[in-house]
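Hi,

Here is the structure I said I would pass on. Have a look at it first, and then read on for what turned up.

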Amino acid sequence: MAGLDIRMFPCLSDNYGVLIHDPSTNHTAAIDAPDEDAVLAALDEAGWTLSHILVTHHHADHTQGIAGLKRRFNCHVVGPRAEADKIATLDETVGEGDTWRFGPYEARIYDTPGHTKGHIAYWFPNPGVLFAGDTLFALGCGRVFEGTMEEMWSSLEKLSRLPRETLVYCGHEYTASNAKFALTIEPDNTHLQGRAGEVKEKRAEGLPTLPTTIGAELDANPFIRANRPEVKAAVGMPNSSDAEVFAEIRRRKDSF
Ligand code: ZN
Ligand code: FE
């Protein structure tokens, strides 16, 4: 099959919008809709027409562009079943274990509660792409606003089982500050040191640090590494549960 075309673009202060395009059906989906004008500009540049929006969670910086785009394109809006009451514009709701078709491609839906109660992630096993929203960030993770620390940990654990080479697109460019924080947890992690250097260079050139990969995160992201003995030791909690260690790291980041 012809490749799934993916375009990522910065918008608002630190959000990313993403468009995916299937040449065989000429369908184009936006992953979240942070900003109507930014999505329109990206569509214009690519010469695509919007057919779908895939929503990860109800926060305004992921949904405020939906209504305008729907009026303009009459596109089909898919989003988390558990947040249907909070996102008025959904045409179709999905949740854990569902599959969703986009031309020849199939997305598998994961419930990833924590940041919000009903947050979902979209995994396309072929070509191996994850749209993680505000659950997993490069070298970080979303703030735990609505769910429990335990829920957020199991959401990250779920994503950590995807193939290492999976490309990960996230909702925000927070990588530089995440790298600074991560180095306070694992200063001697050589993978992390390498990533921190790359991130600095990319940001200095105004380039995005995303997408990342599951493998790169497993090697360097302290949040998704909360089950590792070396990370538990680093935060002085060698005998604590994975979720407890995750919660400690998240709390430290919240006041970093
Ligand atoms: Zn959010
Ligand atoms: Fe967000």
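Let's start with the pocket: H5 and helix H9 (242-254) each contribute at least two residues to the lining of the largest pocket. H9 gives the largest share of that lining, with 3 residues. Before you go further, keep in mind that this is a predicted model.

In total, 15 residues line the largest pocket, and those nearest its centre are Phe-137, Cys-141, Gly-142, Arg-143 and Tyr-174. If you want the chemistry of that lining, it splits into 4 nonpolar, 6 polar and 5 charged residues. The space in the largest pocket comes to about 200 Å³.

There is an enclosed space as well. The count of cavities of 30 Å³ or more is 1, and the largest cavity holds about 70 Å³ of space. Its lining has 7 nonpolar residues, 4 polar ones and 1 charged one. Among the lining residues of the largest cavity are Tyr-16, Val-18, Ile-31, Asp-32 and Thr-56, and further along the chain you will find Phe-131, Ala-132, Gly-133, Tyr-169, Cys-170 and Gly-171 in the list too. His-62 also lines the largest cavity, and that residue takes us to the metals.

So, on to the metal site. Which residues coordinate the iron ion (ligand 2)? They are Asp-61 and Asp-134, each through OD, plus His-62 and His-172, each through NE2, at 2.1 to 2.4 Å. Written along the chain, the spacing of these donors is D-H-x71-D-x37-H. The site of the iron ion (ligand 2) is classed as irregular, and the angles among its 4 donor atoms run from 84 to 172°.

The iron ion (ligand 2) has a partner: Asp-134 bridges it and the zinc ion (ligand 1), and the two ions lie 3.0 Å apart. Distant parts of the chain are linked here, since Asp-61 sits in helix H2 (residues 60-63) and His-172 in the loop between strand E13 (167-169) and helix H5 (175-185), with their positions 111 residues apart.

One last thing on that pair: are Asp-61 and His-172 buried or exposed? Asp-61 has a relative accessible area of 21%, so it counts as partly exposed, the cut-off for buried being under 20%. His-172, at 4%, is therefore buried.

Shout if you would like to go through any of this together.

Cheers

Terms used: Residues are numbered from 1 along each chain as its sequence is written. Chains are lettered from A and ligands numbered from 1 in the order in which they are written. This is a predicted model: local features need pLDDT of at least 70, side-chain atom pairs count only at pLDDT 80 or more; totals for chains, interfaces and linings use all residues. Side-chain values use heavy atoms; hydrogens and water are left out. Donors are N, O and S atoms within 2.8 Å of the metal (3.2 Å for Na, K and Ca); water is not among the atoms, so sites may look incomplete. Four donors count as tetrahedral if all angles lie between 85 and 135 degrees; four count as square planar and six as octahedral if opposite donors are over 155 degrees apart and all others between 65 and 115; anything else is irregular. Helices (H or I, at least four residues) and strands (E, at least two) are DSSP runs, numbered from the N terminus. Buried means under 20% relative accessible area, exposed over 50%, partly exposed in between (1.4 Å probe, protein chains only). On a 1 Å grid over the protein atoms alone, a cavity is a set of points where a 1.4 Å probe fits but cannot get out, and a pocket is an open set with protein on both sides within 12 Å along at least five of seven lines; lining residues have an atom within 4 Å of a point. Grid points are joined across faces, edges and corners, and a volume is the space filled by probe spheres set on the points. Ala, Val, Leu, Ile, Met, Phe, Trp, Tyr, Cys and Pro count as nonpolar, Asp, Glu, Lys and Arg as charged, and the others, Gly among them, as polar.
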